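Reader: I would like to learn how to read the enclosed spaces of a structure and what lines them. Could we go through the terms one at a time, with a case for each?

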Amino acid sequence: MSKNFRVLAAVTLAATLAAASGCSSTRDEDSSSSGGGSSNLVGIAMPTKSLERWNNDGAYLDELLKKAGYETSLQYADNKVDQQITQIQNMINQNPKVLVIASIDGTALGPVLDKAAQQNIKVIAYDRLINSTKNVDYYATFDNYQVGKLQGEFIVDKLGLKDGKGPFNLEPFSGSSDDNNAKFFFSGAWDVLKPYVDSGKLVIPSGKKLSSNDDWKNVSIDGWTSQKAQSEMDNRLNSYYTGGKKVDVVLSPNDSLALGIEQSLESQGYKPGTDWPLITGQDADLANVKNILADKQSMTVWKDTRTLGEQVSKMTDQIIKGETVETNDTTTYNNGVKVVPSYLLPPVVVTKDDVKTKLVDSGFYTADKLGL
Ligand code: GAL
């Protein structure tokens, strides 16, 4: 479905649903106002249940807001943009104070957020920026550029590229083309790796054109699905890795892609500890942490989603109480209409050596769950 058609569909959908709701109130521009909604309700829109982390994000934020005395409406949209727009419009019809939205396609929500604005409902973009609208008040996420930078630096360090080692065969991947974060992940990694591609120390046998960060969509895996990543890796291995040629390193932006890539390598006969490549990841998904312990993945960038939930719960409370809302970055995230005041949290590298100290001792996983 083309982008223009999707936005058009969004406009029509929002108009139809709003007509059904019959709400119309002017919005004041003062972002410190406590949100126009009459109820004590906070709407939480999550992208999908099929990608592991969002289940944790939604459940934990819901629990925190309830503990803080708010009613909540938590909705998952199966990675379908129209479904998310309908869910958000239905929340708006219930007149919440605040909407917390982890968008699927950050460029498709302008029309429905116009409706939220008319009711003076405040909007926090959760983890992923909402673009092309003035009707987003705050953004809370992890430092997305730093995530990629940590992946790139890990590769440089492990391959000894600074010591002139190489050449190595690299296969780069990036995230879903409709996800604003994916651009930042890729840019953070590519700013570190590209000099080595230019010097010939990193070679891309699949020949993917990545002459600048803007080319990130040339290696996108839409929807962030393991299946698509697996078939893409199968294609690359079958087409460009014949006659004994081996892939040495894979830049995978997150764990769901890494899992598909690892399944492809396994099916093509690669063996951990023998010829298994260096593979990056993100999110510390359970299956991937187990693969790290089994030497099938080299690292993951852990983003403790509990800290994001706590930050967003605090910001929601501050909005509703008319207090100053805590942010720590008011320059980085321009959504095409305005710079959205943001709160960035630190991502952390996890390898086999510190799974216990970082993921178990912090209570993110039990040792039992990881088979430790
Ligand atoms: C990104 C998110 C990542 C990863 C990915 C797929 O936006 O920041 O943590 O989960 O989506 O869900």
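Author: Let us begin with residue classes: Ala, Val, Leu, Ile, Met, Phe, Trp, Tyr, Cys and Pro count as nonpolar, Asp, Glu, Lys and Arg as charged, and the others, Gly among them, as polar. The model is predicted, so local features need pLDDT of at least 70 and side-chain atom pairs count only at pLDDT 80 or more, while totals for chains, interfaces and linings use all residues. Residues are numbered from 1 along each chain as its sequence is written, and side-chain values use heavy atoms, with hydrogens and water left out.

Reader: How many cavities of 30 Å³ or more does a search of the whole structure find?

Author: A cavity is a set of points, on a 1 Å grid over the protein atoms alone, where a 1.4 Å probe fits but cannot get out, and its lining residues have an atom within 4 Å of a point. Grid points are joined across faces, edges and corners, and the volume is the space filled by probe spheres set on the points. Here the search finds 2 cavities of 30 Å³ or more, and the largest holds about 140 Å³ of space. It is lined by 15 residues, of which Arg53, Trp54, Arg128, Asn254 and Asp283 are the closest to its centre. By class, this lining has 4 nonpolar, 3 polar and 8 charged residues.

Reader: Which helices each supply at least two residues of that lining?

Author: Helices are DSSP runs of H or I with at least four residues, strands are runs of E with at least two, and both are numbered from the N terminus. In the largest cavity, the helices in question are H2 (52–67) and H6 (180–198), and H2 gives the largest share, 3 residues.

Reader: What is the volume of the second largest cavity, and which residues line it?

Author: The second largest cavity has a volume of about 40 Å³, and its lining includes Glu52, Arg53, Asn56, Asp283 and Lys303. H2 again provides the largest share, 3 residues, and the classes are 3 nonpolar, 2 polar and 5 charged.

Reader: Where does the ligand sit, and which residues come nearest to it?

Author: A molecule sits in a cavity if more than half of its atoms lie within 2 Å of the cavity's grid points, and a residue is near a molecule if one of its heavy atoms lies within 4 Å of it. By that test the ligand sits in the largest cavity. Around the ligand there are 13 residues, with Asp127, Arg128, Asp179, Asp283 and Lys303 coming nearest. By class, this shell has 4 nonpolar, 3 polar and 6 charged residues.

Reader: Which distances link an oxygen atom of the ligand to the side chains of Arg53 and Arg128?

Author: A polar contact is a pair of N or O atoms within 3.5 Å. An N or O atom in the side chain of Arg53 is 2.9 Å from a ligand oxygen, and for Arg128 the corresponding distance is 2.7 Å. Asn181 places a polar side-chain atom 3.1 Å from an oxygen atom of the ligand.

Note on methods: 1 Å grid on protein atoms, 1.4 Å probe; cavity = no way out; pocket = protein on both sides within 12 Å on 5 of 7 lines; lining within 4 Å. Polar contact = N/O pair within 3.5 Å; in protein donor to acceptor, adjacent residues only side chain to side chain.
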